[in-house]
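Biologist: Could you pick one spot in this model and take me through it closely? I'd like to see how that spot sits in the whole chain.

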Amino acid sequence: TSLGQVLAAGPPGRPASALAAHLRKLAARYPGLVVAPRQLANAQYELLTAQTSYANNLVLGLIAVLAGVALVNTLVMATLERRDAFRLLQRVGMTGRQLIASTIWETLLLAGTGIVLGAGVGAAAIVIVTRALTGSWWPYLTWTPAAVILGLTVILTGLATLVPTMRLISRE
């Protein structure tokens, strides 16, 4: 089994070739010990980091897709369950345009609440991890992914509530 990599440095003033010769002697004495130049160790580290980053992004992407499917499914079903309420509102004089307008306001309130609660829970976890890893309470945040998440949340929420609402209104 591999125990990992160790970077070795010699004492100041000693040539690197002496350290390399010493490490080669150790490698000859202990089977399985491999002596490699620093460039190779750095390249292996970079490759491992890139693979880990790709795997993390893939897992996060899958989680986001599943969360989006759950969001859409829940909102569509909740909207379809309001069929009787829409009929009643239309019977008492509410127009289709008014129903759509009220649904838009409900959608914005729902998306806003979800964003605030999600950001609060996410921020708590991120701040704790950032503090543990860096010693700072302020995580590094790029605004592009945050804006994409916010935009997709509003769009998905809007589509998942407005499309079923419009279909229900058009059938009545």
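Modeller: Sure, let's start with a polar contact: a polar atom of the Thr-153 side chain lies 2.7 Å from the backbone oxygen of Ile-149. Keep in mind that this is a predicted model. Thr-153 itself belongs to helix α5. Is Thr-153 buried or partly exposed? Its relative accessibility is 23%, and buried means under 20%, so Thr-153 counts as partly exposed.

Now look across to Leu-71. Thr-153 and Leu-71 are 82 residues apart in sequence, yet their C-alpha atoms are 8.9 Å apart in space. Leu-71 falls within helix α2, which covers residues 38-80. That helix runs for 43 residues and spans 63 Å from first C-alpha to last, close to the 63 Å expected. Its buried residues are Ala-41, Gly-68, Leu-75 and Thr-79, and the elements covering them include α5 (143-171), along with α3 (83-91) and α4 (96-134).

Zooming out, the chain has 5 helices and 0 strands, so in sequence order you just read α-α-α-α-α. The C-alpha atoms fill a box of roughly 95 × 30 × 20 Å along the principal axes. The radius of gyration is 29 Å, whereas a compact globule of 172 residues would come out near 16 Å. Just 13% of the 172 residues count as buried. Still, among contacts between residues at least 6 apart in sequence, 69% join residues at least 24 apart. As for the surface, the chain exposes about 13,400 Å², with carbon and sulfur atoms supplying 70% of it.

Note on methods:
Residues numbered from 1 in each chain as written. Predicted model: local features only at pLDDT ≥ 70, side-chain atom pairs only at ≥ 80, totals over all residues. Heavy atoms only, no water. Helix = DSSP H or I, 4+ residues; strand = E, 2+ residues; numbered from the N terminus. Expected span 1.5 Å × (residues − 1). Buried < 20%, exposed > 50% of the residue type's maximum accessible area, 1.4 Å probe, protein only. Contact = heavy atoms within 4.5 Å. Polar contact = N/O pair within 3.5 Å; in protein donor to acceptor, adjacent residues only side chain to side chain. Rg over C-alpha atoms; globule rule 2.2 N^0.38 Å. Areas by Shrake-Rupley, 256 points an atom, 1.4 Å probe, with all protein chains shown as cover.
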